[in-house]
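Here are my comments on the model you sent round. They are numbered for ease of reply.

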Amino acid sequence: MQDRSYISRYCKTKIDLAFVIDTSRSIPHDDFTRQIRFIEDIVRFLDVGPDATRVASVAFSNHNFPEFGFNNFSRKQDVINAIKRIKHSRGDATRTYLALEYTHFNIYGRSNGERLDVPDVVIVLTDGKTNPGSYDTYGDESGKQQTQIEAAIIKARPAFIFVIGVGSLVDIDELNGMSSNPDEEFTIQVSSFEVLNTDTVKRTLLSRVCVAVGTTIPQPILTTPSNNIPDRPNRYRYCQTKVDLAFVVDTSRSIPHIDFTRQIRFIEDIVSFLDVGPDKTRVASVSFSNYNFPEFGFNNLSRKQDVMNAIKGIKHSQGDATRTYLALEYTHLNIYGPGNGERPDVADVVIVLTDGKTNPGSYDTYGDESGKQQTQIEAAIMKARPAFIFVIGVGSLVDIDELNGISSNPDEEFTIQVSSFEALNTDTVKRTLLSRVCVAVGTTTPQPILTTSFIPPRPYCQTKVDLAFVVDTSRSIPHIDFTRQIRFIDDIVSFLDVGPDKTRVASVSFSNYGFPEFGFNNFSRKQDVLKSIERIDHSQGDATRTYLALEYTHLILYGPGNGERPDVADVVIILTDGKTNPGSYDKYGDESGKQQTQIEAAIIKARPAFVFVIGVGNLVDIDELNGISSNPDEEFTIQVSSFEALNTDTVKRTLLSRVCYAVGTTTPQPQPYISTPIPPSPPCRRAVADIFFIADSSTSIGITAFNDLKRFATSVVNRFTIGPDHIKIGLITFSDDAEIQFTLNTYRRKSDVINAVLNIPYITGITNTHKALQLLDKYGFTRASGGRGNTVPKIAILVTDGASTKPLRTKMQAIKAKNQGIIMFAIGVGPYIDQQELDIMASSPKSKYSFSVDSYAALSSIESSLARRTCIAALHRNP
């Protein structure tokens, strides 16, 4: 590996990973060595260990050759040594089906180290197609068919299969038949073992494995081994999402003309796989070298063929400078400028291609470094639209730091580096770029790049708010961290639309005393607010009297005549690195001081106002933070490990998007602050969902506990708005068998649902959880049962007191349910639950969807949390 700087950026998700390796004689020994080196490098970038990723391997040619299993080695170095020992058998056949059969029967067989709760990944490497030779009764076609059957069995575990075909003798249909869907993500074809062993291919494979195991559960192939293997058309299926796509193309003289032709062909091929049209994807382009050269805009060409012809017409200017900043400036001012065809409701994507670094030459006042800086500024303005920027650097003269600075985050997804224009023009690179564009525009909204080096042309969210910062300035914060905290606040304000009739900002700081900083009436211009934030003093007091700052906030900052507006949402953002500590400054002790902080926060929330709390470091008290913040805690409390982590784009984006969402879609409800027991949360009035309770009725529960379960279910139901246009409820019980007690369309009124739950009979029997999930899949959310299809969220809440009698079937049914879009809550009760099984059944993240309590009587302790999370799931998933 030439550059291992990305070693720490690959996923930490643990997997059970099996390599299936072709060792036939068609592979020259030097190439076999390259293949082994490739496998070694893949393993080096994984977190290998008994409780991390486990690795196994089988080799094949005329026979299969077991190498090692998941149980054989626990240390990464031992795995790598075993890989180095794999022999080049040089067999005269390629019996791929034998190796795949061994993989599912032995490597993933019972008690061989494969774990039920860990994703299974198989990586097959081959330089040819299935060739049974004279070793059994299969001919070439029937041998190929048997390979497909064995692969289908593995995928039905379920497991992910990645197939890497090397060289010109592979059969792409066979590779696609073995690999998981979609082919363009799970099949990788390279021209030679030398190309296989490049960073580009390794990064491609690693990133795709990470995406698969991190975001997708493999869908079992629902076929039995037979001769009916589905036909796979030999066409790539790229995303249909429409985008406004601009190519920024380097045409400088450092690119030989033959390579420039390859670059143009690459762009043509990318466009050929897009759905181009006025109401689909629109394409524009600008080229650059010593000057920028406008090529065509979004409005110029409506047909794909016209776009392709225009791309072919891009001239090789062969200028003696590389003024990248000029092209990026033209892109944001003109290509994406008003009235030029860019659509506000469509994702913006920019693809920059270059073979070098910014080089102003003698054409303006910039030197190399200031020119590079100007390129970063122009790129930042583009990203702040917001837009996705992909950068492809070709050859050895590019500056990887500059490429990463231009591209969107994360660098490893948005920066692609290839060794030559010949390598650029391969299917591997095209597939990599297309799949990453599809993932970006299909699942992510690009966020502005948060930096104070410039003020972006658009604010983050448009809604005006009266925003108060409450800032901890105590001595427990080192001065460098205090500076980071101030920079964080600066950046947040930079992306708001500040003004007398827009967002107003105020601040108070605190440590041993409260220190008024400025109010809503003090400044009307954003620049003045930013300067005042920078003047906040690091008081370094020896106490943390949070309650004083909150009292000042509601009495003064939001007091009458101080600039707060009754028709504008109030938002308070509190930053602290510790818990309330009155010190020796008043009568409060630690506990009563903390209680006073809760009281003052409750008064603010009762205005009503939204309160966000950011806790930094390991000395904060999460219960105190959650008590200060608005509900739900997981939306209004943000905890980060350090002030360095606070000052990252991720945290800024998280806070800004949550503020925008809160003030844009929600009206804060007043929350009582008198010292009486807190009443139940208000009903989930706005949610629309189809919800099934799945209740364990097995013998181990007992009638008393079963009645506790029914009371728990009715209490949760009581928090929802029940009706044909709101929440619909169904219920399944299970023991020896599963039974639908009532469907989604049985009851229309809350009182009828509650009475039906209370009258459910206790059945007894064993814990056949899988039967309940099968019944849910077959009948639960169907139209006949009252389901509303995918127009509303589908939610299942399963309660059980033990492990299922058929754990593998339960796992498969739960995975199937989640793949069909069902949001799964899993609740385990008592000492005999299988936590791993609960986590498998629950949706991700497990921290939100998997619960455990000691007894059925204790279910009431999670009632509020479950109801709130169910409501959030319904609201957030509601289209």
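1. Strand 13 (residues 465–472) runs parallel to strand 16 (residues 569–576), and seven bridges join the pair. Within this pairing, Leu467 has Val571 of strand 16 as its bridge partner. Please keep in mind that this is a predicted model.

2. Strands 13 and 16 belong to an open sheet of six strands, ordered 15-14-13-16-17-18, in which the pairing is mixed. Strand 15 (514–518) and strand 18 (637–640) are the edge strands, and each of them pairs on one side only. From one neighbouring strand to the next, the average turn in this sheet is 15°, with direction ignored.

3. A further open sheet of six strands has the order 9-8-7-10-11-12, again with mixed pairing. Which strands stand at the edges? They are strand 9 (292–296) and strand 12 (415–418); each has a single partner strand, so one side of each has no neighbour in the sheet. The twist from one strand to the next averages 15°.

4. Inside that sheet, strand 7 (residues 243–250) and strand 8 (residues 282–288) are paired in the parallel sense, over seven bridges. Phe247 is opposite Ser285 in strand 8. Helix 9 (residues 257–272) lies across strand 7, strand 10 (347–354) and strand 11 (388–394). The angle between helix 9 and strand 7 is about 175°.

5. On confidence: the protein chain has a mean pLDDT of 85, with 90% of its residues at 70 or more. Two stretches should be flagged. Over residues 1–9 pLDDT stays under 50, and the model has 17 contacts beyond four places in sequence for them. Over residues 447–458 pLDDT also stays under 50, here with 38 contacts beyond four places in sequence. Where pLDDT is low, predicted coordinates should not be read in detail.

6. Two cis peptide bonds deserve a look. One joins Asn181 and Pro182, with omega about 0°. Pro182 sits in the loop between helix 5 (172–178) and helix 6 (183–186). Another cis bond leads from Arg607 to Pro608, and its omega is near 15°. Pro608 is placed in the loop between helix 20 (590–605) and strand 17 (610–616), and strand 17 is part of the sheet ordered 15-14-13-16-17-18.

7. Check the backbone at two glutamines. Gln318 is not a glycine, yet its phi is positive, at about 55°. Gln318 lies in the loop between helix 10 (304–312) and helix 11 (324–335). Is Gln318 buried or partly exposed? Its relative accessibility is 43%, so Gln318 counts as partly exposed.

8. Gln540 likewise has a positive phi, near 60°. The loop that holds Gln540 runs between helix 18 (526–534) and helix 19 (546–557). With 41% relative accessibility, Gln540 also counts as partly exposed.

9. The largest nonpolar core has 63 residues. Which of its members touch the most other members? These are Ile691, Phe693, Ile729, Ile795 and Ile827. Leaving aside residues up to four places away in sequence, Ile729 touches Ile691, Phe693, Val717, Ile722, Phe742, Thr743, Leu744 and Val753. Another core, of 40 residues, lies apart from it and includes Ile15, Phe19, Val166 and Val201. In soluble globular proteins, nonpolar side chains tend to be buried together.

10. Helix 1 (residues 29–44) packs against helix 2 (residues 76–84) at an angle of about 170°, and their axes are 9 Å apart. The angle makes helix 1 roughly antiparallel to helix 2. On the helix 1 side, the residues that meet helix 2 are Ile36, Ile39, Glu40, Val43 and Arg44. Their counterparts in helix 2 are Lys76, Val79, Ile80, Ile83 and Lys84.

11. A last point concerns Pro807, which lies in helix 28 (residues 807–819). Its relative accessible area is 39%, so Pro807 is partly exposed. How far apart in space are Pro807 and Pro845? From C-alpha to C-alpha they are 21 Å apart, and they are 38 residues apart in sequence.

Conventions
Residues numbered from 1 in each chain as written. Predicted model: local features only at pLDDT ≥ 70, side-chain atom pairs only at ≥ 80, totals over all residues. Heavy atoms only, no water. pLDDT = per-residue confidence, 0-100. Contact = heavy atoms within 4.5 Å. Pairing = 2+ DSSP bridges. Helix = DSSP H or I, 4+ residues; strand = E, 2+ residues; numbered from the N terminus. Axes fitted to C-alpha atoms, helices over the stretch in contact; angles between N-to-C directions. Buried < 20%, exposed > 50% of the residue type's maximum accessible area, 1.4 Å probe, protein only. Core = buried A, V, L, I, M, F, W, Y, C linked by side-chain atoms within 4.5 Å. Parallel < 35°, antiparallel > 145°, perpendicular 65-115°, else oblique.
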